Amino acid sequence: MDSHHCEEVLLHHGIRPTAVRMLVLDAMERFSDTFTLADLEEATDGMDRSSIYRTLTLFVRRHLLHLVEDGSGSAKYLSLIHISEPTR
């Protein structure tokens, strides 16, 4: 996803675009199924875990992500971007 499109998606959801948020959003797009915080940490080349967690929490609140509780005790996330993406 290019940076302009990342900005559009974030703004559409009322989120101020920052470098960290755009990097996390771009990394999320690589997953076609659920993913974990550790998956994103690896996909962002070791970005600070707390920054990723705060971004994921914001994205869940703003309906870019769905938090999946599968009983394993590990939080998983599912991107909702393909559902809520602004039309061009």
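**Warm-up.** Which residue follows α1, and what is the sign of its phi?

*Solution.* Look just past the end of α1: there you find G14. Its phi is positive, near 75°. Keep in mind as you go on that this is a predicted model.

**Exercise 1. Work out how α1 sits against the rest of the chain.**

*Solution.*
- Step 1: start at the beginning of the helix. A side-chain oxygen of D2 comes to within 3.1 Å of the backbone nitrogen of H4.
- Step 2: pick out the buried residues of α1. They are H5, C6, V9 and L10.
- Step 3: now look down the helix axis. The buried residues of α1 fall within an arc of 135°, so they line one face of the helix.
- Step 4: turn to the face pointing away from that buried side. There you meet the exposed residues H4 and L11.
- Step 5: find the partners. The buried residues of α1 pack against α2 and α4.

**Exercise 2. Describe the largest nonpolar core and say which helix gives the largest share of it.**

*Solution.*
- Step 1: get the size. The largest nonpolar core has 22 residues.
- Step 2: find its best-connected members. V24, L25, M28, L40, L56 and F59 have the most contacts inside this core.
- Step 3: ask which elements give two or more residues to the core. These are α1 (3-12), α2 (19-28), α3 (37-43) and α4 (49-61).
- Step 4: choose the main contributor. That's α2, whose five residues are the largest share of the core.
- Step 5: zoom in on one member. Leaving aside neighbours within four places in sequence, L25 is in contact with M1, C6, V9, L10, F59 and I81.
- Step 6: set this beside a general trend. In soluble globular proteins, nonpolar side chains tend to be buried together.

**Exercise 3. Sort out the aromatic residues: which ones form a cluster, and how is the pair F31 and F35 arranged?**

*Solution.*
- Step 1: count the aromatic pairs. There are two.
- Step 2: take F31 and F35. Their ring centres are 4.9 Å apart and their planes are at 25°, which is under the 30 degrees cut-off, so the pair is stacked.
- Step 3: add the third member. F31, F35 and Y77 form one aromatic cluster.
- Step 4: compare the surroundings of the stacked pair. F31 is partly exposed, at 25% relative accessible area, whereas F35 is buried, at 1%.

**Exercise 4. Is K76 buried or exposed, and what does it touch?**

*Solution.*
- Step 1: place the residue. K76 lies in strand β2 (residues 76-79).
- Step 2: check the accessibility. K76 has a value of 18%, and buried means under 20%, so K76 counts as buried.
- Step 3: look for a polar partner. The side chain of K76 makes a polar contact with that of S72, at 3.2 Å.
- Step 4: list the other neighbours. Not counting residues up to four places away in sequence, K76 touches T34, F35, T36, H66, L67, V68 and D70.

**Exercise 5. Compare L37 and D39 in their surroundings.**

*Solution.*
- Step 1: place them. L37 lies in helix α3, and D39 is found in α3 too.
- Step 2: check the accessibility. L37 is buried at 15%, while D39 is partly exposed at 31%.
- Step 3: see what L37 touches. Not counting residues up to four places away in sequence, L37 touches R49, I52, Y53, L56 and Y77.

**Exercise 6. Where do D45 and H63 lie, and what sign does phi have at each?**

*Solution.*
- Step 1: go to the loop between α3 and α4. D45 lies here, and its phi is positive, about 55°, although D45 is not a glycine.
- Step 2: move on to the loop between α4 and β1 (65-68). This is the place of H63, which isn't a glycine either but has a positive phi of about 65°.
- Step 3: check the accessibility. D45 is exposed at 73%, and H63 is exposed at 55%.

**Exercise 7. Decide where to read the model with care.**

*Solution.*
- Step 1: take the overall view. The mean pLDDT of the protein chain is 89, and 92% of its residues reach 70 or more.
- Step 2: find the extremes. Confidence is highest in α4, at 96, and lowest in helix α5 (residues 81-84), at a mean of 62.
- Step 3: look at the weak stretch. Over residues 84-88 the pLDDT is below 50, and this stretch has ten contacts in the model beyond near neighbours in sequence.
- Step 4: draw the lesson. Where pLDDT is low, the predicted coordinates should not be read in detail.

Terms used
Residues numbered from 1 in each chain as written. Predicted model: local features only at pLDDT ≥ 70, side-chain atom pairs only at ≥ 80, totals over all residues. Heavy atoms only, no water. Helix = DSSP H or I, 4+ residues; strand = E, 2+ residues; numbered from the N terminus. Buried < 20%, exposed > 50% of the residue type's maximum accessible area, 1.4 Å probe, protein only. Polar contact = N/O pair within 3.5 Å; in protein donor to acceptor, adjacent residues only side chain to side chain. Contact = heavy atoms within 4.5 Å. Core = buried A, V, L, I, M, F, W, Y, C linked by side-chain atoms within 4.5 Å. Arc of directions from axis to C-beta. Phe/Tyr/Trp six-rings, centres within 6.5 Å; stacked < 30°, edge-to-face > 60°. pLDDT = per-residue confidence, 0-100.
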